Structure formats: structure tokens, C-alpha cells
2 protein chains.
Amino acid sequence: MIPTHTSDTARQQAHDPMECRALSDILVRIGDKWTILVVGTLGDGAMRFNEIKRSINGISQRMLTLTLRGLVRDGLATRKQYPTIPPKVEYTLTARGLSLLPPIVALTDWARQHLLEIKASRALFDLEAESNPTTEAP
Amino acid sequence: MIPTHTSDTARQQAHDPMECRALSDILVRIGDKWTILVVGTLGDGAMRFNEIKRSINGISQRMLTLTLRGLVRDGLATRKQYPTIPPKVEYTLTARGLSLLPPIVALTDWARQHLLEIKASRALFDLEAESNPTTEAP
DNA sequence: CGGAATCCTGCTAGATACTG
DNA sequence: CAGTATCTAGCAGGATTCCG
């Protein structure tokens, strides 16, 4: 419906209100704090629950459970359960999950490259804001 | 410190605990629901506050204010205020902000390409989960 | 017009404890 | 080991109001 501009250059493509909804829905999940780290970790190959947990450092077991379930739900990872004692569960990225790695790497590379600049900008901004609390000082 | 592995392939690069902190700090901001949309919108050129607000549809004035301030703070956008009546404020992406567009486009392209598959996966997952509420039904 | 300030809410995510 | 369940604090974010 309303096929105004279907695809122009990179600049014009992400503005259709309906599509934006769905897209940001996905992007929110991906951009979430833990998802990126988990996907990056699973990029190394199949891993067990506590293995992932240990290598991420700071993630709670709850958040890891939810993050992994989200990945499985989106078809980005698979969960393989071995009915042994003690139980053993392995998570692996699917092909779709693997296809997500390059964009993620591009983004993290960008972040890495601009890390220092951004830190500096923030420090400067905060400094200036401190001197100007709406033009006044008690 | 601890320069264990500085950079190997794409697979091995995002795991240093210290760096991860800083990186995910940035990624969280970028991955935030509105930031991507605002950056994408500003990619078209300088825009006024309400202009952005109107073109994003669903964003509250508060969230737009905060998002824009975040972008300015990170040096990704500039705020230019014209002391006219009524006031006029224009936001523009900086060079650094522009450099963020390609990775973002890569990610949104990925999201767009896998939108339907993911929706299907979710539907299937939710359906199966509904039939198995911890192996029981009243 | 472009915000800032205030209030109020609901989800998020951490900590803890229990199960198969 | 790999979860689930429960409780709770905190803050994200919407609605509203006022100011320059």
C-alpha cells in the first residue's frame, strides 16, 4: 500500500512507518545489551549454558536465559538438550544467526574506532552542561 | 592492559571484558529504539525539532529531546539555535554521525531481509510454547 | 517553536531460592 | 548443570504543564 518510494539510495530507505515498527522491533532486540555479546560469543562455536555465562562476565543467569530464549525464538540460535545426568544443553548459532555477525562486527568496529572520540565528547559536553545549569548558579 | 590478543579475525575481537564494557555502553545507545530512527532521519539533512518529531511518528517530545541530546553529547549531531521569534533549532549529523550511517544501514538491511523469516520463527516458537506450558494443561 | 520540569507508571533486570 | 519462580528496586518513558 502506498508504494511511494520503494527503494532509492541508502538515505531514503528506512522511513515507512509500518516497516519502521517491525524493523525497530527487531533492532531493539539486537541492540539490546546482552544479545550482541551473546551472539558474538556464540560466534566461536557451540557452547553450554554456564560456559556462555562464564565468558560474558556480568550477565545474570536470568538475563542469559531470556537472551538465549529470544535468540532461539527468532531462529538465530538452536538449543540442543542432552538428557544426561547432569543435564547438558548446547547453544549454536543457526545460519541466520551467523549471517547477523558481519553487520554486528561492522557496528562494533565502528564503536571501537570512535570509542575515544566519543568519550572525549561526552566529557566535554558534561563539563559544559555543569557550568550552565539553565544559566544560573546558587 | 592485559594485551592478550589484540586482534585476530572478526570472531575473536569483541571479548575483552574491559573493552566490552565500553563498547556495549556505546552499542546500547545506538541500539536504543529511537536513536537509530533519529539518525536515519537526520541522514536526509538538517531538520528542525518538530520536523523530526513529525517524521518519526510515535516518539514523545521528551524522548526526542533526550535522544537528540544524547546524539549531541556523543558528538554525532550538532544543535544550532537561531534566536528568532519563534525560536528555531536545527539538528545536523556531524561527520562522525554520518560515518555511523553505513553500519546502521547494514544492520537495518539485514533486519529487512530477515523480517519475514523472523516473524515466522517467532510465531512458530510461541505456538509450540503454548502447547507446552511446562508439560501440563488444566 | 523548542524545550524544561514534574508526576506517575510499568516493565526491566538483579538477587535469591527452589527443582529436575 | 540448567533452568524456573518470586520479590523488589530502579529507571525508562508517557502525559501534562509551564517558560523563553
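A salt bridge is taken here to be a side-chain nitrogen of Lys or Arg within 4 Å of a carboxyl oxygen of Asp or Glu. By that rule, the side chains of B:Asp74 and A:Arg122 form a salt bridge, with 2.6 Å from N to O, and the interface of chain B and chain A holds six salt bridges.

This is a predicted model, in which local features need pLDDT of at least 70 and side-chain atom pairs count only at pLDDT 80 or more, while totals for chains, interfaces and linings use all residues. Residues are numbered from 1 along each chain as its sequence is written, chains are lettered from A and ligands numbered from 1 in the order in which they are written, and side-chain values use heavy atoms, with hydrogens and water left out.

**The two protein chains**

When copies are superposed by least squares on the C-alpha atoms of residues with pLDDT of at least 70 in both, a rotation of 180° with 0.0 Å of shift along its axis places chain B on chain A with an RMSD of 0.1 Å. The two copies are therefore related as by a two-fold rotation axis. Among the residues of chain B, B:Gly31 comes closest to the rotation axis, its C-alpha lying at 1.9 Å.

With contact meaning heavy atoms within 4.5 Å, 53 residues of chain B are in contact with 54 residues of chain A. Together the chains bury about 5200 Å², 62% of it on carbon and sulfur atoms, where buried area is the accessible area (1.4 Å probe) that two parts lose on being put together, summed over both. B:Arg73, B:Trp110 and B:Arg122 supply 15% of the area that chain B buries against chain A, more than any other three residues.

**The DNA strand**

A residue counts as near a strand if one of its heavy atoms lies within 4 Å of it, and 16 residues surround DNA strand D in this way. Sugar and phosphate account for 68% of the atoms of DNA strand D that come within 4 Å of the protein. The table lists polar contacts, each a pair of N or O atoms within 3.5 Å.

| Side chain | Partner in DNA strand D | Distance |
|---|---|---|
| A:Gln61 | base oxygen | 2.3 Å |
| A:Tyr91 | phosphate oxygen | 2.7 Å |
| B:Arg62 | base nitrogen | 2.5 Å |

A:Gln61, A:Tyr91 and B:Arg62 are among the closest residues to DNA strand D, as are A:Arg69 and A:Arg79.

Notes
A polar contact is a pair of N or O atoms within 3.5 Å; within protein, one must be able to donate a hydrogen and the other to accept it, and residues adjacent in sequence count only if both atoms are side-chain atoms.
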